[in-house]
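Visitor: I'd like to understand how the labels on a model like this one are earned. Could you walk me through a few?

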Amino acid sequence: MTASPAVLAAIPHRPPFLFVNEIIEIGPRRIVTRSYADPEADFFRGHYPGDPVMPGVLLCECCFQAGALLIAHSVGAERAAQGIPVLTRIADARFKQIVRPGDALIAEVTMDEELDGAYFLTGRL
């Protein structure tokens with residue numbers, strides 16, 4: 001599944017490293033997105049061949065990209081275009097379910113705090 005135009009317009013990520021397909025809901029401090037674990041993705045061929053599992057770091061990336069969409073929405077297109085949001089820290093990551101090829105992932109990300117251009121977000125899949 002390809003990404004929606006709203007996703008493509010808001011963040012610089014592109015296939016094969018785009019892990020958000022659509023925005024389900026968005027507000028000033030919260031976003032909900034949907035991603036699909038593409039069965040044809042190369043990482044599935046090598047990550048537990050015969051019993052493929054989506055790597056945890058890519059599950060995190062789904063939340064990071066949803067967070068980038070939230071930041072772009074919250075600060076406006078002009079300000080968002082002035083820089084690229086980069087990740088500086090992950091705290092308390094937990095993986096509670098296995099993601100297999102074809103699964104749909106729903107990410108919910110909330111903006112907890114903004115401090116001088118730094119954004120503190122919480123994400124869940």
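Guide: Happily; we will take some labels in turn, keeping in mind that this is a predicted model.

Visitor: Let's start with the rings. Why is the pair of Phe-17 and Phe-19 called edge-to-face?

Guide: Their ring centres lie 5.0 Å apart and their planes meet at 85°. Centres within 6.5 Å make a pair, and planes over 60 degrees apart count as edge-to-face, so this pair earns the name.

Visitor: And what makes the pair of Phe-19 and Phe-43 tilted?

Guide: Here the planes are at 50°, with the centres 6.5 Å apart. Stacked needs under 30 degrees and edge-to-face over 60, so an angle of 50° is left as tilted. This pair links distant parts of the chain: Phe-19 sits in the loop between helix 1 and strand 1, while Phe-43 belongs to helix 2, 24 residues apart. Phe-17, Phe-19, Phe-43 and Phe-44 form one aromatic cluster.

Visitor: How do you know that Phe-19 is buried?

Guide: Its relative accessibility is 9%, and buried means under 20%, so Phe-19 qualifies. Phe-43, at 21%, is partly exposed, and so is Phe-17, at 41%.

Visitor: What makes helix 3 mostly covered?

Guide: Of its 20 residues, 15 are buried. Helix 3 lies across strand 1, strand 2, strand 3 and strand 4, at about 50° to strand 3.

Visitor: Why are strand 1 and strand 4 called edge strands?

Guide: Each of them pairs on one side only. They belong to an open sheet of four strands in the order 1-2-3-4, with antiparallel pairing.

Note on methods
Residues are numbered from 1 along each chain as its sequence is written. This is a predicted model: local features need pLDDT of at least 70, side-chain atom pairs count only at pLDDT 80 or more; totals for chains, interfaces and linings use all residues. Side-chain values use heavy atoms; hydrogens and water are left out. Two strands pair if DSSP finds at least two bridges between them. Helices (H or I, at least four residues) and strands (E, at least two) are DSSP runs, numbered from the N terminus. Contact means heavy atoms within 4.5 Å. Axes are lines fitted to C-alpha atoms, for helices over the stretch in contact, and angles run from 0 to 180 degrees between N-to-C directions. Buried means under 20% relative accessible area, exposed over 50%, partly exposed in between (1.4 Å probe, protein chains only). Rings of Phe, Tyr and Trp (its six-membered ring) pair if their centres lie within 6.5 Å; planes under 30 degrees apart count as stacked, over 60 as edge-to-face and the rest as tilted.
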